[in-house]
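Trainee: Could you take me carefully through one part of this assembly, the contact that chain A makes with chain C, and set it beside what surrounds it?

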Amino acid sequence: MNEIAARIDALRAKKINLHGKDFLLTWEKSAEELEATFQVAEILRGMRENRISPRLWDSGIAVSIFKDNSTRTRFSYASACNLLGLTVQDFEEKKSQAAHGETVRETAAMISFLTEAIGIRDDIFLGEGDRFQREVAQALDDAVAAGVLPGRPVVVNLQSDVDHPTQAMADALHLVNRFGGADRLKGKKIAMTWAHSPSYGKPLSVPQGIIGLMTRFGMEVALAYPPGYTLIPETVEIARKNAAASGGSLTIVSSMEEAFEGADVVYPKSWAPYAVMQERTALLTKGDEAALKELERSCLANNASYRSWECTEKMMSLTRDALYMHCLPADISGVSCAQGEVAESVFDRFRAATYREAGYKPYIIAAMILLARLRRPVEALEALLKAKAPRFVEE
Amino acid sequence: MNEIAARIDALRAKKINLHGKDFLLTWEKSAEELEATFQVAEILRGMRENRISPRLWDSGIAVSIFKDNSTRTRFSYASACNLLGLTVQDFEEKKSQAAHGETVRETAAMISFLTEAIGIRDDIFLGEGDRFQREVAQALDDAVAAGVLPGRPVVVNLQSDVDHPTQAMADALHLVNRFGGADRLKGKKIAMTWAHSPSYGKPLSVPQGIIGLMTRFGMEVALAYPPGYTLIPETVEIARKNAAASGGSLTIVSSMEEAFEGADVVYPKSWAPYAVMQERTALLTKGDEAALKELERSCLANNASYRSWECTEKMMSLTRDALYMHCLPADISGVSCAQGEVAESVFDRFRAATYREAGYKPYIIAAMILLARLRRPVEALEALLKAKAPRFVEE
Amino acid sequence: MNEIAARIDALRAKKINLHGKDFLLTWEKSAEELEATFQVAEILRGMRENRISPRLWDSGIAVSIFKDNSTRTRFSYASACNLLGLTVQDFEEKKSQAAHGETVRETAAMISFLTEAIGIRDDIFLGEGDRFQREVAQALDDAVAAGVLPGRPVVVNLQSDVDHPTQAMADALHLVNRFGGADRLKGKKIAMTWAHSPSYGKPLSVPQGIIGLMTRFGMEVALAYPPGYTLIPETVEIARKNAAASGGSLTIVSSMEEAFEGADVVYPKSWAPYAVMQERTALLTKGDEAALKELERSCLANNASYRSWECTEKMMSLTRDALYMHCLPADISGVSCAQGEVAESVFDRFRAATYREAGYKPYIIAAMILLARLRRPVEALEALLKAKAPRFVEE
């Protein structure tokens, strides 16, 4: 309890401007705002684990829009909303390129009359996901301005083509707790590296989200990938600027070994080359199935040239007793595929750690919603702590 | 707050017999009962906008049965139920002609053991939707009589082949607020007109619901459609009798211009001819895909003869500065189709108004459920207002 | 109220060890534990019917995993969870043979961070359903041991290849109330008999569950089926041992007539032969569509040889004014099929009784969850009864 109270005090000291703001990209938030989000996530987790109900709403709808399959983010969002007292209502659309214009404008209003939050996953088409989320946000602003909606739901990015902030923030909170504070991340080396996978078309949002966020805390970020496996150039540029501003660094290297050398944290994960994602988006838009097949074939063939990009025990031995991270599910060699991102023994050692990493996501999402919707979050959290209403009759 | 209290007082004066009754067709309810429904909808809206929780249930299931796709009615129902404290559980069935007899009887009981409301959308087959809803209602009555169910869930028509009462009632409440009271609707002219659309098979329930309801308030209702685009004859007959009883009128005219002339309200919307819907129902029942294709082709060709039935600025200039209404989504010329129901500039001017119109639906549905389930709605609403329990910790 | 209080007192006297335990098979529970489950189900039903809220949770997720279609069990689970204050989140998977190993281990943790209960239906593949449920349970134990989960959700078997405990327990509670107490079941004869159906591949879990459970109460259980229509041998062995221990009996006979002779209860229901289910599982695993078709054809032809296995009035006249039971939906001759499990007049007479039988299921499921999650169920139920918080503002 004292820890929860201390965190609420720490939150009081933060200068934040999150009320009424969507959470789309971590680099649109200040460092203090990110830290406030960590604090609220930990306060909510602390309350739940101490049997205190953090329910802020008596009723209210939280919409989910998943344009791509999802299990863990879907459950994280559902859990976060439930914890706050909101009921999830799925908006289901065909898995198609985002609707635009009139349809988005109208739909955004129609699903929001009694809605508090809208979580959106739209990560398939390059250039679409972030744009769609902003279009929804704009439509909501317009509807509020026109007196159509009694309140403005917050839009939470549950993964776009550009960023995956609920993942990256959960990952960062895992590091904060591992190293004993956000201020202890400064100078720590993290290797965000490509890793081999026998699959294709994995989004860029995780590596982009990781380099975009970890450079905020003064970390030494080493990004490594084989020839051609670049990310969206603008996101790399943002990470570079973040590093300069925080006193950290962003280094791009061309081997997993170099990235792992002396690392405190490693995040080996497959993704598709930016150029392939661009071509794929164009072909998906055209609906050219034959060319898509051929693209997949050539991309997989290319992947196969880089089978050595695997997080083995030997690779791990290059690090400074590094923490292994993954957004899950990982391609584990000899388990989920013949040869993949990580050796079985490495994954086994860190399995529980990766699960705990994932376990922060519901609280991160709840914190994003809470801070966006509450004018006086400190006072509200204090009231919850004082009330000590039990979440469960007995635990 | 004073306005909410005043509305509760107004409700007290109404003679209503809604407890334990389903809401299937507006013309099965008295004028006072319709006005009571408006009052409760506005009371609930007022409470929510004043941060007062109108939650009546601590737990409880609300079943939804959607035999046709739906976004806005689905969200309206989900929002209404959530506001009252009920959790929606979808009953999913193949999109098929309604099951009958044993299956309906059994299913109705099986989904209702702890259920408070059942919302049903069944509008595809002519002669089926209303019949199915009544079959469910009868099965529930039987189950209660047999001691199988501890309570009788209310059945709410979320659109049938005959009426769309949640839409028409939301539309009417929009007019009540526009003109300053239900008593102010008397003598106002509303044009319910067919409009051109490049699509086919749109249900008749909206125009039928509108003429069936607006004739209750003494309005001058002009119904207009091209040759052959008739509605179910019985519903027109009901509207005619309603008009006679309320001191209004129902006039059927053969051009949009005539209907719009001097109108205070216009509702231009496409629908399929009654005869086509009959044939379509027969073909769907037989599963005759080829004949359905041909019916669609000939119907679209016929539609194309009436492209001039478009709500343009010129048409609007015939009216008495009329309010444009639509149940959404509208076919907007040059936006959602080449040439449709309404010109872009007209729709743009009324976009926010149509969104507000749609925004009444959750409260109308909640009012229908509340009045059907509560023996003493006035006392319950007074208690809610007195308790002033916050819906949200802070807004 | 006095009855509820008396049942709470009766519960106090029971020696039970249900806290933290999954509910997978009835024969893994002691007789006192089964009776405690009946008591809690009746206490919850009594509270709800007396307008007392049995809501124990302020928030919390209940996961449902349905690998087979379901209406009544889905609604029963949803209703049970809702009654206790939990929100159901479906985990959807392709209808495929259960995933194993890494995937199950990871998924079980990922869906459980804020989860209180996991209900699983997995009854299609012989040898899979029960195994899958135990794999999930083991994964949850591991996750709790590794500090990944803050609490251990209870796993509830919503039907496996081996048992259907929520059905069998609801059936048994129906009998307890019919005969005036669990102790009154001793010596009563129940006929669990195969019955003809023009369908194929019906699971064995209901007859196995019935003989496995009813033998616990000293009942005389007559199991009857045509040549070859055997059950999983181990489950018959368990029933035999149960009968020996409880002072009842299990007799296998070869005609419906013999089983019905002097019966107090009859449960005529179709199932597929064990050998067919084994072959079907092998073919489904191989994906051999042609052989599956052929198996279905031969199995249906075999079924047709036993059309006389129908619960007719003549069959009923052999009994001691027996209660007819069925898990629903029944194949009713001349109604849902040409010739099926039961004659129309018999079913008509017992329709309401079978609906009431089904109506116990939500309360049985809620009781299973409550007893597995609460350390001090008696104290919690007493507190609920004392608080008398209304579930509904007015009823």
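Mentor: What follows looks at that contact, then at the symmetry behind it and at the domains of chain A.

This is a predicted model, in which local features need pLDDT of at least 70 and side-chain atom pairs count only at pLDDT 80 or more, while totals for chains, interfaces and linings use all residues. Residues are numbered from 1 along each chain as its sequence is written, and chains are lettered from A and ligands numbered from 1 in the order in which they are written.

The contact takes 29 residues from chain A and 25 residues from chain C, two residues being in contact if their C-beta atoms, placed from the backbone, lie within 7 Å. On the side of chain A that touches chain C, helix H2 (31-49), helix H3 (72-84) and helix H13 (344-359) of chain A each supply at least two residues; here helices (H or I, at least four residues) and strands (E, at least two) are DSSP runs, numbered from the N terminus. H3(A) gives the most to this side, with six residues. By character, the side of chain A that touches chain C divides into 14 nonpolar, eight polar and seven charged residues, where Ala, Val, Leu, Ile, Met, Phe, Trp, Tyr, Cys and Pro count as nonpolar, Asp, Glu, Lys and Arg as charged, and the others, Gly among them, as polar.

Turning to symmetry, a rotation of 120 degrees with 0.0 Å of shift along its axis superposes chain A on chain C, with an RMSD of 0.0 Å, and that is the relation of a three-fold axis; copies are superposed by least squares on the C-alpha atoms of residues with pLDDT of at least 70 in both. Of the residues of chain A, A:Thr87 comes closest to the rotation axis, with its C-alpha at 4.7 Å. Only 3% of the interface residues of chain A are also interface residues in chain C, so the copies meet through different surfaces.

Within chain A, an automatic or database domain assignment gives domain 1 (2-163 + 361-387) and domain 2 (167-358), whose C-alpha centres lie 26 Å apart. Between them, 21 residues of domain 1 of chain A are in contact with 25 residues of domain 2 of chain A. H2, strand E4 (154-160) and helix H14 (361-373) of chain A each supply at least two residues of the domain 1 side, and the largest share, six residues, comes from H2(A). Helix H2 of chain A thus appears on the side that touches chain C and also on the side of domain 1 that touches domain 2.
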